[in-house]
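Please keep the sequence and the model side by side while reading. The paragraphs below go from strands to disulfides and then to the backbone.

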Amino acid sequence: MVDDNNWIEGEVEVRAHYVDDIPQNYTLRWVAVSGKSKVGWAAVDDFSLIRTDGCMLKPSGAQPSSTTPTSTHPQESDLSCDFETDFCSFQANGEGKFNFTRKTGNDASPDVWDDHNGNKETFFLFAKSDGDLNERMAYLKSDIFLGDDHEIECFHFWFNIDGFLGEAEPLETLAIGLEYESPRNTSIVWLYSKPTEGWMEGQIELRTIGHNGSFENWRIYIVVDKISDRKIFIALDDFTFRPSDICEVMPPDAWFGSTTANPETTSFNCGFQCEDGGCVKENQVCDFVSDCHDASDEKNCPVSYTFENCLSETGSENCGFEEVPVDNLDWSIATKTDSESSSHPIERDGKFLWIKKKTDNVSNELARVHSTEYQNSASSCIIRFFYTISEGLNGAFIKPGIHLVDEARDVFLDYLAETSGWEDRVIQIGRKHQKFEVIFEKDKGDYDAGVAIDDLSFEGCALPRPEESCPSELFQCNNKVCILNEYLCDVADDCGDQSDEDETHCKDFHPTTFEDGGFGLFTTQEGELFHWEIGSGSTDNKRTGPPFDHTLFDVTGCYVYINSEYQGENAIAELVSVPFLKSDDGKVCGMVFYSHMNGPLVGRLSVLLRLDDDNEIELFGIEGSQGNIWKRNKIEITNSTIFNSFRIVFKATIGERYMGDIALDDIVFDPNCRPGCSNDQFSCPDGKCLDKEKICDFRRDCMGGEDEAECPDFYDFEHCQSLEECHWKNPVPNSINWVISGVLQDVNGPNFDFENKTDGHFLYVSHGEKGESIAEIESSPYRNTNVDCYLSFYLYMSSPDIKDYVFPMMKHVALGMSTELDRFDLNSITDGMWTKVVIGLGRHRDLFTIVFGVVHNADEYNAGIAIDDIQFFDCAVKSPQESCYDDQYHCEINKACVFKAQLCDFADDCGDNSDEVLEVCKDYTVSNFEDPELPFGFFKQDHPSADFQWSRGNGTTVNKQTGPPFDHTLFSPEGHYLFIASENQNSNERAYLITNLIKPSTQDCSIRFFVHLHGKGLGNLTLYSESALGELTLLWVSSEQAEYVDVNVWQRVTYSLESASEFRIVLEASVGKKGEGDIAIDDVSFTPACKFFDEPTTKTTEATTEHHTTEHHTTEHHTTERQTTTHFTTEPHTTHTTERITTVATAAPFDENKTPVTVIAVVAACLIAIILVSAGVYIVRSRNLNLPRLLALQSFFNPNYQRMEDNNMVSLKDLRSNQA
């Protein structure tokens, strides 16, 4: 008891500690330590701090620690590590490549140039992630500290967190967790989420738990949680543990938890409180494994029920089984004596679960009973029980099943009929992540029976436990569970986190799961009445067939089965695989499959190896009922090393009609098996199968390029004797035709090939009969070109008739239409000379062919027309990459790398269009001219110097040998672009496109557009910046870019628009030679850094075909379609118009009366924002935080949580959000 006579005055000098001669902040702590008697109390009162050098020590017998200033350099009793030689007993681990390694500044630059002392040669710890979403965490784990020797330690370290100061979202969070050995619980004691832009000191006090005169052993975890999907790094160095309770938290703005030695405050919030005081997570309760030391987490949900002593075993008189709904058929715990008064007494000693009939009319009663809840069962989980049903069900069944709690859905697993006594029954539950209850329910109908259940148990339901390490013969899952290697990739979640089925390990296996509704590697006799068929849920025949599939263990999953309803005894159905090739290097092909054979009269299932001559070898056979489970079967096909080709056949034989459904699921061949290809696939010589979409796509997917052999990307005509050998054909034979030819000695030639060789070969148009003729030659089909794809060839023409011309075309196979790509005659190329031609093809996903046509208009054909050296360039979609550079974007599906400067520009650079559908694309200002309501997008044409107006078109322009064949957005004659119609204008006349005013901008503001400059009479396309006063600054002009001039290709232009003042963009197009200089632009975009005063309209729509007309060049046997263009103009003085649309965007008028109100509103909003931010900062800094979601970090710190999926897991990013 405290009284005034016991108070003693205390006084002691307090000095700040120093680091590099800088005084440090400090805290004072009063600690009471119990003596040997372990009984007593202490009290303190009236604290005061006085600045003075005249401080006396009171009372005289006190024993102070030294007041000499200290530094952070390690002392004799300190434990320190500078990582110069090794990890100092710290264990490093992480996800994927995100893991700590020892690096020097020379190794880690440019991320980290040196250690915190500026030394490039010394080591520190370094971890880096390339942005992979699966690389979320990296961590260090210390050795155990003995609590009695390390009651309190001040942990000091250096760290360097990636990122830029002021970023809206952090890239990563660094946390320190303190874990006690027994009872095992963990707390986060320090956390930091801000980028450091260099090395920074960290420090936190570590204090263990004391009880019964000793202290708990402990260790620390240092965890990095990656928050973003960007590339990030982190560096750590110079760890020091100093036995001192003088330990300032560093940096001052770090979050820190309580370091008071109290297990209740240092442990995480409990999902379930064990009866012995321990704590486990909520989804560890009733999961068939005792996580509490006293097994109290499984007390109310035992793995077996004898029903002998429910109250003491489960805490419930009815063992947790409840009727829902309660009706006149009452499930209760009963004995033989209880049932003697009923019409159907139960003959069994002991207690059992029994249906008691409480009234005579029970035809509408369900007799439905639920067990307590369970969760997180393994794939092998089954229920075993004994049951008896005396006569009186009248054709109805007792249906055992499970009730999925979260989905409020029943899955019935079997149909129990009358028995002659007690019978044993096994039913499979399989992998269930969510909560479920076991249920028994009676069909509605007349009922006068004796029904009882006894000795119910769960078997094989517990998931395995994590281990620190696994023997070499075992596989360690991501959650640290160890499983046999033979269970990898068998479509069963043996790990509990699906990591044994991950693509990383399983990419070379060949599974057929039937989940897509198809038969995968197999075929069946679908034309026959009796055959294997796809099923889901239970089959139509009761008491046979599976209740669900094996892949998902759910009624929504698919399997294959034979329906015994259709045929009688001994009927046979076969499931036949694709051909398999002989195994390489003597390695035996192995197969795993799951069979379901349940029913009183099930027939036989056999697996055969069938040779090419139809001889068969039985590999596997089983008959009769195997129980209501999916049974795993494994076969080693030893003959796979002997025979060059074979098939695998599943042969099912019916036992008795309606009673013998046999099912199969998840047939998996291991990597030693070499399956051939299905009919709709291409087979590489090495056995690799390719989908038809990968054939003729300019990418050699077969090792030898056989998938591209019929459609080469280069033709020199030197190694083939006919068109067919060269993979070309004459689609319509005519009076003149294309042939393979050598040099010719007639007057029109050619007398040499494009390389001036006299022994070369080329495509040549043969002489024919009199009259107008068209000769065409067509290539093999191609598909899936890259956006930059272009065609190159050499053309030779010599003819006395200048009306002859050559026109290359692209034939769109799926659309049934053609696009003329260009036109050549002796006005556009030199007579008697080989001329190189380049034509842009762009992005085409569907099949197309290239056609070369010749039109002859004279009476007699005596021209020399030839083509040589046909090549496709840059036509393959970009290849996938494991990682990309910082200035590149990693495509979502194809995993290719494209420059970030190419994002959101209407060009499918990725090949999967993911670079054009990003969330960030909404911040770009764009127009593709596809909207008929805004045909000119955000451009105006009201420039005072304009002589005429731009037009909007699609397909080719009316002028041949100039203008584009199609737009850039769709690379289709149906897509739209803007162009100048040069046939209506005179030389040097100009047309303008003008934007609204743009605010002063940085170099990050850029304009991107695609330009088409084709024609020998081209003028200029010029890009200007125009000030608000109308002053023009030249930025870019096409005539100075040689590579842009007279090339039949859509070409990309990018220009940075850094400006200190407001400006607008002006595009000027001038006419060179009338009718020979159609300049076109498409897909104009401004990057997000470009801010318009008046936001221009940026709406884009799917392309529509407008005013589509066709011009025909007709001969007796053939018609060639050509697209023509409709022009949209905005001014009446343009001579060639079909529609007039005026698009003018103007700024809102200035209202000086509104300005003061606007200013006041803005100022008020800023003040409110400042107040809110200040309040938030105060709340965080006050440390008076509520962090209820710290529980989620147990998924890292407590290994028991790592063995299962955790949909409620909270990352450190969420924790950081809670702090704010």
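Trp354 stands opposite Ala452, a residue of strand 29. Strands here are DSSP runs of E with at least two residues, helices are runs of H or I with at least four, and both are numbered from the N terminus. The model is predicted, with local features requiring pLDDT of at least 70, side-chain atom pairs counted only at pLDDT 80 or more, and totals for chains, interfaces and linings using all residues. Residue numbers start from 1 along each chain as its sequence is written, and side-chain values use heavy atoms, with hydrogens and water left out.

The contact of Trp354 with Ala452 belongs to strand 29, and strand 22 (residues 352-357) pairs with strand 29 in the antiparallel sense over 2 bridges. Two strands are called paired if DSSP finds at least two bridges between them. Strand 19 also runs antiparallel to strand 29 and is joined to it by 2 bridges; here Tyr305 stands opposite Leu456 of strand 29. Strand 24 (residues 382-389) is joined to strand 29 by 7 bridges, again antiparallel, and Ile382 faces Glu459 of strand 29 across that pairing. Strands of a sheet pair through backbone hydrogen bonds, in either a parallel or an antiparallel way.

How many residues of strand 29 are buried? Strand 29 covers residues 451-459, and 7 of its 9 residues are buried, so that the strand is mostly covered. Buried means under 20% relative accessible area, exposed means over 50%, and partly exposed lies in between, using a 1.4 Å probe and protein chains only.

Another set of strands forms an open sheet of 4 strands in the order 63-68-65-66, with antiparallel pairing. Its edge strands, each pairing on one side only, are strand 63 (990-994) and strand 66 (1032-1037). From one strand to the next, the twist averages 25 degrees; axes are lines fitted to C-alpha atoms, for helices over the stretch in contact, and angles run from 0 to 180 degrees between N-to-C directions. Strand 63 pairs with strand 68 (residues 1063-1071) in the antiparallel sense over 5 bridges. Tyr992 has Glu1068 in strand 68 as its bridge partner.

The next topic is the disulfides. The structure holds 19 disulfides, a disulfide being a pair of cysteine sulfur atoms within 2.5 Å. Such a link is a covalent bond between the sulfur atoms of two cysteines.

One of them joins Cys274 to Cys292, with an S to S distance of 1.9 Å. Its torsion about the S-S bond is about -75 degrees, so the disulfide is left-handed. The pair links distant parts of the chain, 18 residues apart: Cys274 is in the loop between strand 17 (272-273) and strand 18 (279-280), while Cys292 is in the loop between strand 18 and strand 19 (304-305). Both Cys274 and Cys292 are buried.

A disulfide also joins Cys286 to Cys301, at 2.0 Å from S to S. The link of Cys286 and Cys301 is left-handed, with -90 degrees about the S-S bond. Cys286 and Cys301 each lie in the loop between strand 18 and strand 19, so the disulfide ties together parts that are 15 residues apart in sequence. Cys286 counts as buried because its relative accessibility is 10%, and Cys301 is buried with a relative accessible area of 1%.

Which hand does the link of Cys789 and Cys875 have? With 65 degrees about the S-S bond, this link is right-handed. The S to S distance between Cys789 and Cys875 is 2.0 Å. Cys789 lies in the loop between strand 51 (773-779) and strand 52 (790-798), and Cys875 in the loop between strand 57 (864-873) and strand 58 (888-890), so the pair ties together parts 86 residues apart in sequence. Cys789 and Cys875 are both buried.

The backbone comes last. Most residues other than glycine have a negative phi, and most peptide bonds are trans. Ser89, which is not glycine, has a positive phi near 70 degrees; Ser89 is in the loop between strand 3 (79-81) and strand 4 (91-94). Phe514 is not a glycine either, and has a positive phi of about 65 degrees; Phe514 sits in the loop between strand 32 (510-512) and strand 33 (522-524). Are these residues buried or exposed, in full or in part? Ser89 counts as partly exposed at 48% relative accessibility, whereas Phe514 is buried, with a relative accessible area of 1%.

The peptide bond from Val324 to Pro325 is cis, with omega near 0 degrees, and Pro325 is in the loop between strand 20 (322-323) and strand 21 (329-334). Gly749 and Pro750 are also joined by a cis peptide bond, with omega about 10 degrees. Pro750 is in the loop between strand 49 (738-742) and strand 50 (761-765).
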